Amino acid sequence: ADPNNGTVPTPLTNYLDTQYFGEISIGSPAQMFNVVFDTGSANLWVPSQRCSPFSTACFTHNRYDSSQSHTHVENGTGFSINYASGTIRGFLSEDVVVVGGLPVVQVFAEATSLSAMPFIFAKFDGVLGMGYPNVAIDGITPVFDQIMSQHILKEEVFSIYYSRDPKQSPGGELLLGGTDPNYYTGNFNYLETREMGKWEVTMKGVAVGAEMMFCAEGCTAVIDTGSSYITGPASSVSMLMKTIGAQLDETGYKVNCDTVKMLPSVTFHLGGQDYSLTHEDYIIWQSQFEGDVCIVTFRGLDVPPPTGPIWILGANFIARYYTEFDRRNNRIGFAAAV
Ligand SMILES: CCc1nc(N)nc(N)c1-c1ccc2c(c1)N(CCCOC)[C@H](c1ccccc1)CC2
């Protein structure tokens with residue numbers, strides 16, 4: 001009998017509340033990789049042993065060596081993918097991928113070039129896209145779809161817990177097939193995905209304190225486990241930052257740590273429910289030798305139409321609201337994270 005009754009857990013590592021990743025293996029014998037389980041994309045890629053010698057980001061990460069795997073199947077089709085922060089180029093291969101102990105034969109990309117910025121900052125090796133098949137590059141069936149077709153999961157859902165305490169272990173959990181009561185309290189509130197095939201919902205407004213400031217006429221919110229922060233249209237975010245007295249410098253928005261306790265909550269109106277973040281949720285307090293630095297985990301990002309304008313709710317939102325991604329009913333559920 002299945003000890004996890006149709007659910008498959010993968011513990012995640014939390015790096016400074018900004019990067020969350022878990023371990024998978026590819027090939028026989030197993031080659032281990034740390035990957036972000038990313039609802040904002042739908043492809044699996046890891047750095048390749050054949051990485052170009054000029055790609056620094058490649059050589060500081062684990063690399064897949066097809067010549068060492070007897071289950072490797074040649075493919076060779078070209079591949080490239082763009083994220084809000086970075087580009088990957090490479091070629092396709094096929095091999096056995098093991099997620100949470102579950103093997104699937106999977107087409108994935110071997111990355112031969114990773115944009116140094118910002119992949120040199122990546123504490124993970126690659127990305128395992130948890131998005132819908134229709135956003136998958138090269139029409140590749142995503143890992144979760146391969147797992148669903150094995151009919152071993154109790155429910156066709158997956159859930160993500162991101163811890164807010166970098167000292168807590170595990171730093172998070174991906175659960176395939178269900179939700180984990182250890183990581184949430186209360187009931188789930190569900191929202192239908194806006195359009196088939198994307199983990200995005202309709203947002204009805206963004207309030208600062210009690211005042212509705214943005215998106216009053218409705219806008220799109222992407223629930224993205226692959227983003228560290230919350231992003232919104234640059235003009236809106238810059239107004240929001242001015243309201244809380246944040247200054248923009250080359251690494252992002254910062255506030256004077258003395259003002260943190262008085263900062264207003266920021267509330268996202270999603271599906272008839274209010275999801276508030278307090279300063280505890282959206283400020284990262286870093287003690288550095290020249291004094292404390294208080295980083296605001298919001299970024300301005302203008303996504304061009306037709307996809308944009310959008311808000312992206314990333315790790316700092318998910319850390320506060322335990323999230324269930326339901327492929328059976330095309331909906332997203334939120335519950336208060338522990
Ligand atoms: C996971 C792939 C991905 N997927 C989606 N949908 N959005 C984005 N933005 C990314 C992405 C690409 C590259 C990097 C990234 C994220 N990082 C954030 C991990 C977030 O882990 C949850 C790190 C980072 C460090 C410094 C400054 C910027 C970013 C490393 C670089």
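Which backbone N or O atom lies 3.4 Å from an oxygen atom of the ligand? Here are some friendly notes on that and on a hairpin.

1. The atom belongs to Y20, whose backbone N or O makes this approach to the ligand oxygen at 3.4 Å, and a polar contact here is a pair of N or O atoms within 3.5 Å. Taken alone, the ligand exposes 640 Å², and the protein buries 85% of that (accessible areas by the Shrake-Rupley method with a 1.4 Å probe).

2. Please bear in mind that this is a predicted model, in which local features need pLDDT of at least 70, side-chain atom pairs count only at pLDDT 80 or more, and totals for chains, interfaces and linings use all residues. Residues are numbered from 1 along each chain as its sequence is written, and side-chain values use heavy atoms, with hydrogens and water left out.

3. Two side chains reach ligand nitrogen: an N or O atom of the D38 side chain is 2.7 Å from a nitrogen atom of the ligand, and a polar side-chain atom of S85 lies 2.7 Å from a nitrogen atom of the ligand.

4. The ligand is surrounded by 20 residues, the closest being D38, S85, D224, T225 and S228 (a residue counts if one of its heavy atoms lies within 4 Å). By class, the shell has 10 nonpolar, eight polar and two charged residues. At least two shell residues come from each of β2 (19-26), β3 (31-38) and α2 (116-119).

5. Elsewhere, β18 (residues 266-270) and β19 (residues 273-277) run antiparallel, joined by five bridges (strands pair if DSSP finds at least two bridges). T267 faces S276 of β19 across the pair. Two residues separate the strands of this hairpin, where G271 takes a positive phi near 55°.

Conventions. Helices (H or I, at least four residues) and strands (E, at least two) are DSSP runs, numbered from the N terminus. A polar contact is a pair of N or O atoms within 3.5 Å; within protein, one must be able to donate a hydrogen and the other to accept it, and residues adjacent in sequence count only if both atoms are side-chain atoms. Ala, Val, Leu, Ile, Met, Phe, Trp, Tyr, Cys and Pro count as nonpolar, Asp, Glu, Lys and Arg as charged, and the others, Gly among them, as polar.
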